[in-house]
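Hi everyone, thanks for having me. I've got one structure to walk you through today, so have a look at it while I talk.

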Amino acid sequence: MGPQLQSSTPNKLAAGRNATAEKLLVAASALMIERASIDVSLSDIAQKSGANAALVKYHFGNKDGLLLALLARDAATEVANLEYLLAQPLSPTAKLKLHIGGIIRAYHRFPYMNRLIHYLLHESSAEAADEVSKFFVAPLLEFHRRLLAEGVAAGEFREVDPVLFYTSLIGACDHLFFGRHAMSRATGVGPVTDEVCRQYITHMEALICGGILKRASGD
């Protein structure tokens, strides 16, 4: 278990992020993208941001608090977009395709996101795991439940368990980035470029829609 966090950190930042705190988050994000790793030190983050490492404790409590705030920041826009998408006058199938593309692009934009989620859920504190569940996992699962129900009611989707759907979609996004290093060693594939991202969106749309959409015969 990791050290205790300031549980109000994501909420405080959402209410009005301090300029120095924002600099620290931007620096941490940039370093993780550059190094393809979440293993960055407080001194590295401080040097990148131009701020004193002691300010991490002041703004976030500790390094895990900073990582939690970074994930909360990155997830906030994506989660806000879920309600917006549900409210659009589109078919459930169109919403599903937009969601698949949106999730994959979010992971591409923040390639460290999956590792942060794994770390904070499984290797930090119980408090951190609870926070991630509240601001990321629970809203996404609820969105999937509502979208799937909408699709079934419209006669477009077959009955699908929301938890299994979440596991399939998020797991597929997860592994594209998390497993890419292993595949590069085994098969020589390159990094996840914009083109790879576009290809993966097309692939996942075909894969998921092929399994969830009702056929014309209705079976």
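I'll start with the overall picture, then go through the core, a few helices and some single residues.

First thing to keep in mind: this is a predicted model. The protein has 11 helices and 0 strands, so if you read the elements off from the N terminus, you just say "alpha" again and again: α-α-α-α-α-α-α-α-α-α-α. There are 219 residues, and 44% of them count as buried. For the outside, the accessible surface comes to about 11,100 Å², with 57% of that belonging to carbon and sulfur atoms. And here's one about contacts: take those with a separation of 6 or more, and 74% of them are between residues 24 or more positions apart.

Okay, the core. In soluble globular proteins, nonpolar side chains tend to be buried together. Here the largest nonpolar core has 63 residues, and the ones touching the most other members are M32, L66, L96, Y107 and F136. Quite a few helices each supply at least two residues to this core, including helix 2 (19-35), helix 8 (126-153) and helix 9 (162-178). Which helix gives the most to this core? That's helix 5, with 11 residues.

Let's zoom in on F136. Leaving out residues up to four places away in sequence, F136 touches A75, Y107, M113, I117 and Y166.

Hang on to A75, because helix 5 bends there, by about 35 degrees. How far apart are the end C-alpha atoms of helix 5? With 25 residues at 1.5 Å each, the helix should span 36 Å, and its end C-alpha atoms are 37 Å apart, so the two agree. At its N-terminal end, helix 5 is capped by N62, with a side-chain oxygen 3.2 Å from the backbone nitrogen of D64.

You can play the same game with helix 6: 18 residues should span 26 Å, and the end C-alpha atoms are 25 Å apart, which agrees. The buried residues of helix 6 include L96, H99, I103 and Y107. If you're wondering about that spacing, an α-helix has 3.6 residues a turn, so residues three or four places apart point the same way.

Now helix 7. Is it enclosed or open? Since 7 of its 10 residues are buried, helix 7 is largely enclosed by the rest of the structure. Among those buried residues are M113 and I117, which also turned up on the list of residues touching F136.

Over in helix 8, have a look at H144. Buried or exposed? The relative accessible area of H144 is 1%, and the cut-off for buried is under 20%, so H144 is buried. Setting aside neighbours within four places in sequence, H144 is in contact with H99, F165, Y166 and L169.

Two more residues before I stop. G171 is in helix 9, and at 33% relative accessibility G171 counts as partly exposed. G171 and N114 are 57 residues apart in sequence, yet their C-alpha atoms are 9.5 Å apart in space.

And then there's A36, in the loop between helix 2 and helix 3 (42-49). Phi of A36 is near 50 degrees, which is a positive value in a residue other than glycine. A36 is partly exposed too, with a relative accessible area of 37%.

That's my tour, happy to take questions!

Definitions and conventions
Residues numbered from 1 in each chain as written. Predicted model: local features only at pLDDT ≥ 70, side-chain atom pairs only at ≥ 80, totals over all residues. Heavy atoms only, no water. Core = buried A, V, L, I, M, F, W, Y, C linked by side-chain atoms within 4.5 Å. Buried < 20%, exposed > 50% of the residue type's maximum accessible area, 1.4 Å probe, protein only. Helix = DSSP H or I, 4+ residues; strand = E, 2+ residues; numbered from the N terminus. Contact = heavy atoms within 4.5 Å. Expected span 1.5 Å × (residues − 1). Bend = angle between axes of the 7 residues up to and from the residue. Polar contact = N/O pair within 3.5 Å; in protein donor to acceptor, adjacent residues only side chain to side chain. Areas by Shrake-Rupley, 256 points an atom, 1.4 Å probe, with all protein chains shown as cover.
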